[in-house]
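Colleague: May we go through this model together? I should like to start with the enclosed spaces and then turn to the strands.

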Amino acid sequence: MSESMRLRHRAFATAFALLLATSACGSDSDTAGPNTPAIDISKLDTGNYPTTPADIEQTRNYEAAVLREAIRIGNAMPLVMDVDNRFIFEPHQYFNRWFSSKFSPSFSGSGVNGEDFNSVAPGLVVGWYTYGQRREEFDIGRSVAIYTLRFSNADQAAAAARTLADRSVGEALQIPGYPAARTTYRAKTELGTPAMYTWLTKGDLVLHVRIDDPISTPFDPVPLADITRRAFDKQIEMLKNYAPTPADQIAALPLDVDGLLSRTLPLEKDNMPVDGSNPSAVYPKQAALHPENYPNLAKAAFDDAGVDYVAVGGAHIYRTRDAAGATRLLAAIETQVAAKYDKIDSPPNLPTAHCFDTKAGTASWSYPPMCLVPIDRYVAQIHGSNVQDMYQRAAAQYKLLSSAR
């Protein structure tokens with residue numbers, strides 16, 4: 001993976017994000033607080049980055065629409081910590097949580113990779129997954145992954161679950177309360193980490209729970225079966241809020257919410273995830289929490305600030321309840337980034353931005369330079385390949401958010 005790719009993946013996952021209250025058009029002074037400096041946007045150095053809202057319809061294709069349906073599933077799925085509050089770590093360094101027939105999932109326990117999936121389990125329409133660990137490091141505690149995969153019809157879902165379960169190697173087990181579920185577990189063998197895999201169908205949905213348990217000695221499947229039961233209980237309860245978009249209407253799903261994505265810096269082609277999928281979209285709060293590295297802290301900050309949507313593109317834009325909520329969110333973010341960053345000067349002519357450079361001894365690809373740019377009820381989190389690049393991106397993003405006021 002190239003350094004720019006790693007940078008962007010980390011940019012998608014760096015804790016929650018930003019804000020501080022500034023304000024309105026032109027000089028921004030008429031709605032700013034008494035001690036907020038006025039911003040003259042004509043003096044901002046934006047480099048070659050766009051400063052006028054994009055026409056998001058120009059990005060419409062089937063995969064962009066499928067992503068919106070996946071987000072609807074993600075917004076009706078539990079976090080792992082909603083199932084068990086001990087699983088509060090999500091160390092992955094990328095934002096994508098969605099699947100389609102083009103960007104299909106891999107299941108190592110069934111010996112299926114993304115290239116094989118459509119031939120092994122045809123009919124996938126869209127899917128979402130979430131993940132949580134008991135400890136920050138994978139190999140010193142249990143981890144749980146929860147999937148929801150929607151197929152074209154119930155028969156295809158049943159066939160997919162049956163095939164994937166049949167391909168799992170290990171001992172069979174019954175999950176309490178779910179006699180129709182297919183479960184396989186294995187203790188540590190040459191196949192790898194002790195794990196449990198469970199598959200369940202519900203109409204045209206396939207529900208899957210995987211639990212890895214690298215340290216329990218002796219390995220005991222009973223506690224894992226209980227976690228799986230609780231995961232299904234919560235997943236099924238929350239999925240009642242998911243009303244599937246008919247397959248022939250998915251392509252027409254709205255691509256934006258209140259113009260948020262049109263005013264977010266676009267994700268550049270060179271910084272797309274390695275599989276080529278584009279996560280650019282507007283995510284409601286629950287969906288936005290799934291990729292957070294510390295979802296318990298993010299959820300507390302989101303709830304306190306009243307975050308309702310997060311736009312993801314070449315920046316993250318957090319929309320809070322009001323400017324006061326934004327101020328509290330900014331304070332929470334700064335607390336979280338302090339260990340990995342050193343605070344630096346704001347960009348020229350943008351004194352309201354809070355900017356940070358990588359702390360000595362910290363990998364810059366994992367924690368690239370970052371600015372938190374506040375404006376009204378919004379907070380923008382921007383990363384750059386270096387400080388100058390970050391400053392220009394921050395200035396451009398400020399102009400984009402200013403355009404709606």
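**Cavity, pocket and sheet**

Modeller: The second largest cavity is lined by Leu-79, Val-80, Met-81, Phe-87, Thr-130, Tyr-131, Gly-132, His-290 and Pro-295. Please keep in mind that this is a predicted model.

Colleague: What is the volume of the second largest cavity?

Modeller: The volume of that cavity is about 40 Å³. The structure holds two cavities of 30 Å³ or more.

Colleague: Which elements give two or more residues to the lining of the second largest cavity?

Modeller: They are helix H3 (80-83) and strand E2 (124-133). With three residues, E2 gives the most.

Colleague: How does that lining divide by class?

Modeller: Six of the lining residues are nonpolar and three are polar, while none is charged.

Colleague: Let us turn to the pockets. What is the volume of the second largest pocket?

Modeller: The second largest pocket has a volume of about 460 Å³. It is lined by 25 residues, and those closest to the pocket centre are Thr-59, Leu-267, Met-272, Asn-278 and Ser-280.

Colleague: Which helix gives the largest share of that pocket's lining, and what is the division by class?

Modeller: Helix H2 (residues 62-74) gives the largest share, three residues. The pocket lining comprises 12 nonpolar, 10 polar and three charged residues.

Colleague: Now the strands. What is the order in the open sheet of seven strands?

Modeller: The order is E8-E9-E10-E14-E13-E12-E11, and the pairing is antiparallel. Strand E8 (281-284) and strand E11 (341-344) are the edge strands, each pairing on one side only. From one strand to the next, the twist averages 20 degrees.

Colleague: How many bridges does E11 form with strand E12?

Modeller: E11 pairs with E12 (residues 354-358) over four bridges, in the antiparallel sense. Within this pairing, Tyr-341 stands opposite Thr-358 in E12.

Colleague: And strand E10: are the residues on its two faces buried or exposed?

Modeller: Both faces of E10 (residues 316-319) are covered. His-316 and Tyr-318 on one side are buried, as are Ile-317 and Arg-319 on the other.

Colleague: Why do the side chains fall on two faces like that?

Modeller: This is because side chains in a regular strand alternate between the two faces of the sheet.

Colleague: What joins E9 to E10, and which residue stands opposite Arg-319?

Modeller: A hairpin joins E9 to E10 through three residues. Four bridges link strand E9 (residues 309-312) to E10 in antiparallel fashion, and Tyr-309 stands opposite Arg-319.

Colleague: What about E10 and strand E14?

Modeller: E10 and E14 (residues 378-383) also run antiparallel, joined by four bridges. His-316 stands opposite Gln-381 in E14.

Technical notes: Residues numbered from 1 in each chain as written. Predicted model: local features only at pLDDT ≥ 70, side-chain atom pairs only at ≥ 80, totals over all residues. Heavy atoms only, no water. Pairing = 2+ DSSP bridges. Axes fitted to C-alpha atoms, helices over the stretch in contact; angles between N-to-C directions. 1 Å grid on protein atoms, 1.4 Å probe; cavity = no way out; pocket = protein on both sides within 12 Å on 5 of 7 lines; lining within 4 Å. Points joined across faces, edges and corners; volume = space filled by probe spheres on them. Nonpolar A, V, L, I, M, F, W, Y, C, P; charged D, E, K, R; others polar. Buried < 20%, exposed > 50% of the residue type's maximum accessible area, 1.4 Å probe, protein only.
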